[in-house]
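Welcome! Please take a moment with the sequence and the structure below, and then read on for a short guided tour.

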Amino acid sequence: MHHPIKLAAVLGSLALVATACGTAATNTGGGSGGNLKDLPAQNSIQVPANAANPAGDGKAKCPKGLTIAYIGAETGPNAQLGINIYNGAQLAVTQHNKANPGCQVQFKKFDTEGDPNKATGPVTQATNEKDIIGVVGLPFSGESAATGNIFEQAGLVHITPSATNPDLTKNGWSTFFRALGNDNVQGPAAASLAQKLGAKKVYVVQDDSDYGIGLSKTAQQALGSNVVGTDKVTTGQKDFSAVVSKIMNAKPDAVFYSGYYAEAAPFDQQLVAKGYQGTFIGPDGVKDDQFIKLAGSASDNAYFTCPCLPGELIPSFEKAYKSAFNAEPGTYSVEAYDATTILLKGIDSGNTTRPKLKQYVTSYDGQGLSKHFKWDSTGELSNSVVYGYKVQNGKIVSVGTIG
Amino acid sequence: MIYLPLDTSQWISLDWSSLAQNFWSVTFDGLTFGAIYALVALGYTLVYGVLNLINFAHSEVFISGAYACVFMLTALGFGPSPLSMPAIELVGCLVAACVAAMAASAAVAFALERVAYKPLRARNGSRLAFLITAIGASFTIQYLIYLWRGATAEPAVIMFIPQPVFTVFGSTIDSQQILIVVAAVVMMVVVDQFIRRTRLGRGIRAVAQDPDTATLMGIDRERIIVSTFAIGGLLAGAAALFYVMKVPSGVIYNGGFILGIKAFTAAVLGGIGNIRGALVGGLLLGLIGNYGQILLGDSQWTDVVSFVVLVLILMVRPTGLLGSDLGKARA
């Protein structure tokens, strides 16, 4: 009486045989594009000679127990973006403590999973710990928006090395500082990257995060009439067949995906599997090795925009990072290193309370590895650059500045 | 802080032209998903028929199969980049993955029945106790997987790149879509015939109709229950293989949740307890969700549209489209 079950399996396998036989040939499906320009990889960048160094002069004195915290994703679907950041911060603290026996700063991590709904807990916890006088984070825009008021009430200075939503600096927060250009810069940069590639028809897809929605808006404004269609996807979405169908009908030269790698990877993979031959452009939230790992060879069609410096092209930083973490610096590792260095310099020069350290950062004016840091009254940098990146032989490489 | 949408344009709009342009490709994709829903829906329907229990942990039975499928394929060398291998070898690999998925799902379904439900039956637990246990079991398995595999999805495993086979109304139907729909429908027909014609099938129907009388007639109820869970598990395993084929990077600890809810909805839509209803409900739900998504231009609407249609149909036909239950199926 068990035969019918076996029969089901057998028939199922037969169906597999029947259709799998047609799959040996390579895919030559529809879609357009595939004839865009290729931007050459960049092999070196100019490293500023006068960049701030966390080691300082080695003579710093400070009270015991002072703590700098990283608050952001340690786990969660986009954890790698957080890991790149806290490693950069950790590196700065380690270098500082090694050089300054008289000033040992603690480094603590709090996990938000990158989720705006979960971020208030760890942030409240951190603001209640009086030893924490400066914070690196939060990495993502949604969680930053959800927790900015808590930092503000606690008077706790926090420098985000990666949150790019422009609205974050419109809340009147005096404790929020952004160590990179925002999406009012990145959106147009994505448009100019598309233009550099020669893409005339761009399809814009956004996710439902504050970041994705905001960036999609500025990108669409800059792309203007080159936008041939738009669509929205959901955080956590795994199947993109409906969106892919629409894109295959619109035959764009490039797809700009405004969101994070957790959705971008399956999306790009499903696009390519359907025969899409154009270029896939993602922003900083997609630019991570995890994207390549999750999407496989489909990621060969990807370009990225990022208001971040290719840290791997700064020899001293790359070497220190690699020996500490046995990995190449990732997206925003340098920015996190710079942000932490600023906080450490503040502590070294005697700003060992929350109000004093906040004041120090507010009036800070100095060169970092990634850029010159000087904030306006809202916490935006006065100048910033966006780099272009592409996937080449399974690795992300810089193609230089694009705006 | 409450998030305010940045674009203040219309919050809802119907994109009929997009639906018209994409109608056929969306239809084929919808049917493919519908076939997967239908296979999972059978697991809900069979268990409901026999135990009058909504086995909410069936979504975890499904995702366990998906994990087994991914592990097997990874072990065989598959990864995010498509491999090129002879068709016969590929088929062998797919069969191996299918067997792994079915075995894992059936094993989880079996363990679930023994650990969670059998003790309750032995103590004559109330229906509510069963339901809460089902939900609890669902979360337990889900978070065990979370602790084991973390919050990240498994890297994609591409089995093969779908090839266009033929073109209908300007849209191509690819090998993957045909494979999934045909294999799923064949499996469901087999199960339907199995329930109708075999001794075990008769036993299942007898227990569904009247457990006490069935026991008096010499049917081993415990054995019937275990077999029902196992059959549901085998089908969920097959569904898991097709799911991984269709959504190669969709295997994540909570990946079964929404799909499970959808499959349960499909079962209710077709008439819970009714095997053919599960097929009809599944295919219909796959289509409705995809049409809604294209029409409303936003993936967030897929689920909303599906459930609105469910409510509307239940208002007209409270027992679902095909109504009658497993026990009344004719031999």
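## A glycine after helix 9 of chain B

Let us begin at the end of a helix. G271(B), just after helix 9 of chain B, takes a positive phi of about 110 degrees. Please keep in mind throughout that this is a predicted model.

Helix 9 of chain B itself covers residues 255-270. From its first C-alpha to its last, this 16-residue helix reaches 23 Å, close to the 22 Å expected at 1.5 Å a residue. Helix 9 of chain B is also mostly covered, since 13 of its 16 residues are buried, a label that calls for 20 or more other C-beta atoms within 10 Å.

## Helix 10 of chain B and the glycine that follows

Helix 10 of chain B takes in residues 275-296. At 1.5 Å a residue, its 22 residues should span 32 Å, and the end C-alpha atoms are indeed 32 Å apart, which agrees. Of these 22 residues, 20 are buried, so helix 10 of chain B is largely enclosed by the rest of the structure.

What follows helix 10 of chain B? It is G297(B), whose phi is positive, near 65 degrees.

## Helix 8 of chain B and two of its partners

Helix 8 of chain B (residues 221-246) packs with helix 1 of chain B (residues 16-51) at an angle of about 170 degrees, and the two axes are 9 Å apart. That angle makes helix 1 of chain B roughly antiparallel to helix 8 of chain B, because angles over 145 degrees count as such. In passing helix 8 of chain B, helix 1 of chain B makes a left-handed crossing. The residues of this contact divide into 18 nonpolar, 4 polar and 1 charged.

Helix 6 of chain B (residues 199-209) meets helix 8 of chain B in another way: their axes come within 10 Å and cross at roughly 105 degrees. Helix 6 of chain B and helix 8 of chain B are therefore roughly perpendicular to each other. On the side of helix 6 of chain B, the contact is made by L200(B), G203(B), I204(B) and V207(B). Helix 8 of chain B brings R221(B), I224(B), S227(B) and T228(B). By class, the residues of the contact of helix 6 of chain B with helix 8 of chain B are 4 nonpolar, 3 polar and 1 charged.

An α-helix has 3.6 residues a turn, so residues three or four places apart point the same way.

## Where chain A meets chain B

Helix 1 of chain B also has a partner in chain A. The axes of helix 7 of chain A (residues 241-250) and helix 1 of chain B come within 9 Å and cross at roughly 130 degrees. These two helices are therefore oblique to each other. Helix 7 of chain A passes helix 1 of chain B in a right-handed crossing.

Which residues make this contact? Helix 7 of chain A contributes S241(A), A242(A), S245(A), K246(A) and N249(A), while helix 1 of chain B contributes S18(B), Q21(B), N22(B), S25(B), V26(B) and D29(B). By class, the contact has 2 nonpolar, 7 polar and 2 charged residues.

## Two buried residues in chain B

S59(B) sits in helix 2 of chain B (residues 58-75). Is S59(B) buried or exposed? S59(B) is buried, with 27 other C-beta atoms within 10 Å. Not counting residues up to four places away in sequence, S59(B) touches S138(B), G256(B), F257(B), L259(B) and G260(B).

E154(B) belongs to the loop between helix 4 (127-149) and strand 1 (164-168) of chain B. E154(B) counts as buried, with 21 C-beta neighbours inside 10 Å. Setting aside its neighbours within four places in sequence, E154(B) is in contact with V70(B) and V251(B).

## Backbone details in the loops of chain A

Three loops of chain A are worth a visit. In the loop between strand 3 (132-136) and helix 4 (141-154) you will find L138(A), which a cis peptide bond joins to G137(A), with omega about -5 degrees.

E113(A) lies in the loop between strand 2 (106-111) and helix 3 (116-128) of chain A. Although E113(A) is not a glycine, its phi is positive, about 60 degrees. With 20 C-beta neighbours inside 10 Å, E113(A) counts as buried. Y332(A), in the loop between helix 10 (315-325) and helix 11 (333-348) of chain A, is not a glycine either and has a positive phi of about 70 degrees. Y332(A) counts as buried too, with 31 C-beta neighbours inside 10 Å.

Conventions: Residues numbered from 1 in each chain as written. Chains lettered and ligands numbered in written order. Predicted model: local features only at pLDDT ≥ 70, side-chain atom pairs only at ≥ 80, totals over all residues. Axes fitted to C-alpha atoms, helices over the stretch in contact; angles between N-to-C directions. Helix = DSSP H or I, 4+ residues; strand = E, 2+ residues; numbered from the N terminus. Parallel < 35°, antiparallel > 145°, perpendicular 65-115°, else oblique. Left-handed = near helix turned anticlockwise from the far one by under 90°. Nonpolar A, V, L, I, M, F, W, Y, C, P; charged D, E, K, R; others polar. Contact = placed C-beta atoms within 7 Å. Expected span 1.5 Å × (residues − 1). Buried ≥ 20, exposed ≤ 12 C-beta atoms within 10 Å, placed from the backbone.
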